[in-house]
Amino acid sequence: TSMYVAANDFLLGLIRVFNNFSVWIFAATLIAFFSKSRIMSAVNTFAFFVAMCIAYFIPKHIHFGYSIRKQLLMWIIIALLSTGVAALIQHSKNMLRFGWFIKALPVSAVIGEVICTVKYWIDYYHPIPGGPYEPLKWVLMPDILIQLSVSLMFAIAMLWILPRGKNERLFTIGLSVLVSPMFVPIFMLLH
């Protein structure tokens, strides 16, 4: 039964990852970065998000009858905005210092979402003002650890793939750590 519980926690952790934006930021960043041109990066990223919407929201609506209008609208807006961001990320390969800044933004967003998730679980276990404060109780939950670990692996992978050289990687790490708290309020609104 302990193997069943571990497999269940692992699966639940992966489900939590796919419910967060970090996996989509990671995938869209790599699609944009490895596209041949700015136009193709915009088209490929837009097609990726549209395909994701079709594969996720349409069956959810058909099989379960959920209202998907708000979520679908949000993801269509994200898909449209992603075209410009994708072109910028693809173009950052040919830029010097400003390109380093652009490459740090998706890493910062993923780290910001990890911070947001930690804040959410700390707040979840401290719902009563004046009650006992157990801020690290979420650490004991294996599914949350898996969720946070996978999201951090996305950030580390981007830090390994996007920068070209030691100086750029160090700059990207430093800037990502500094900028990531700015993404926390955005993800708090979206959760």
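Read along the sequence, the protein follows the pattern α-α-α-α-α-α-α. The model is a predicted one, and its secondary structure comes to seven helices and zero strands. Of the 191 residues in the protein, 40% are buried. Among contacts with a separation of 6 or more, 71% join residues that are 24 or more positions apart. The accessible surface comes to about 11,500 Å², and carbon and sulfur atoms account for 75% of that area.

Helix H2 is a suitable place to begin. H2 covers residues 22–34, and its 13 residues reach 18 Å from the first C-alpha to the last, close to the 18 Å expected at 1.5 Å a residue. This helix is mostly covered, since 10 of its 13 residues are buried. The buried residues include the aromatic side chains of Trp24, Phe26 and Phe33, and Ser22 and Thr29 are also among them. One residue of this group, Phe26, can be related to a distant part of the chain: its C-alpha atom is separated by 8.8 Å from that of Ala157, although the two residues are 131 residues apart along the chain. Ala157 lies in helix H6 and, at 22% relative accessibility, counts as partly exposed.

Helix H6 also takes part in a salt bridge. A search of the whole structure finds two such pairs. Side chains of opposite charge can pair when their charged atoms come close. In one of the two pairs, the side chains of Asp143 and Arg16 meet, with a distance of 2.9 Å from N to O. Asp143 lies in helix H6 (residues 142–161) and Arg16 in helix H1 (residues 2–19), so the pair ties together parts that are 127 residues apart in sequence. The two partners fall into separate accessibility classes: Asp143 is buried, with a relative accessible area of 5%, whereas Arg16 is partly exposed, with a relative accessible area of 22%.

The other salt bridge joins Glu168 and Lys103, whose closest N and O atoms are 2.7 Å apart. Glu168 belongs to helix H7 (residues 166–190) and Lys103 to helix H5, so this pair ties together parts that are 65 residues apart in sequence. How covered are the two partners, buried or exposed? Glu168 has a relative accessible area of 4% and is buried; Lys103, with a relative accessible area of 2%, is buried as well. The cut-off for this class is a relative accessible area under 20%.

Helix H5, which covers residues 97–124, also holds Thr117. Thr117 counts as buried at 4% relative accessibility. When residues up to four places away in sequence are not counted, Thr117 touches Asn20, Gln147 and Leu148.

Helix H4 shows a bend. Its 23 residues reach 33 Å from the first C-alpha to the last, close to the 33 Å expected at 1.5 Å a residue, and the helix bends by about 30° at Ser82. Ser82 is itself one of the buried residues of H4, together with Trp75, Ala79, Ala86, Ala87, Ile89 and Gln90. An α-helix has 3.6 residues a turn, so residues three or four places apart point the same way.

H4 also contributes to the surface. Phe46, Val50, Ile54, Ile58, Ile62, Ile76 and Leu80 form a nonpolar patch there, with about 610 Å² of accessible area together. The elements that give two or more residues to this patch are helix H3 (38–64) and helix H4 (69–91). Which helix gives the most to the nonpolar patch? H3 does, with five residues. Val50 is found in helix H3 and is partly exposed, with a relative accessible area of 30%.

His61 is also found in helix H3. His61 has a relative accessible area of 40%, which means that this residue is partly exposed. Leaving aside neighbours within four places in sequence, His61 is in contact with Tyr66 and Ile68.

Notes:
Residues numbered from 1 in each chain as written. Predicted model: local features only at pLDDT ≥ 70, side-chain atom pairs only at ≥ 80, totals over all residues. Heavy atoms only, no water. Patch = residues over 30% accessible without salt bridge, like charges linked within 9 Å, V, L, I, M, F, W, Y side chains within 5 Å. Areas by Shrake-Rupley, 256 points an atom, 1.4 Å probe, with all protein chains shown as cover. Salt bridge = Lys/Arg side-chain N within 4 Å of Asp/Glu carboxyl O. Helix = DSSP H or I, 4+ residues; strand = E, 2+ residues; numbered from the N terminus. Buried < 20%, exposed > 50% of the residue type's maximum accessible area, 1.4 Å probe, protein only. Contact = heavy atoms within 4.5 Å. Expected span 1.5 Å × (residues − 1). Bend = angle between axes of the 7 residues up to and from the residue.
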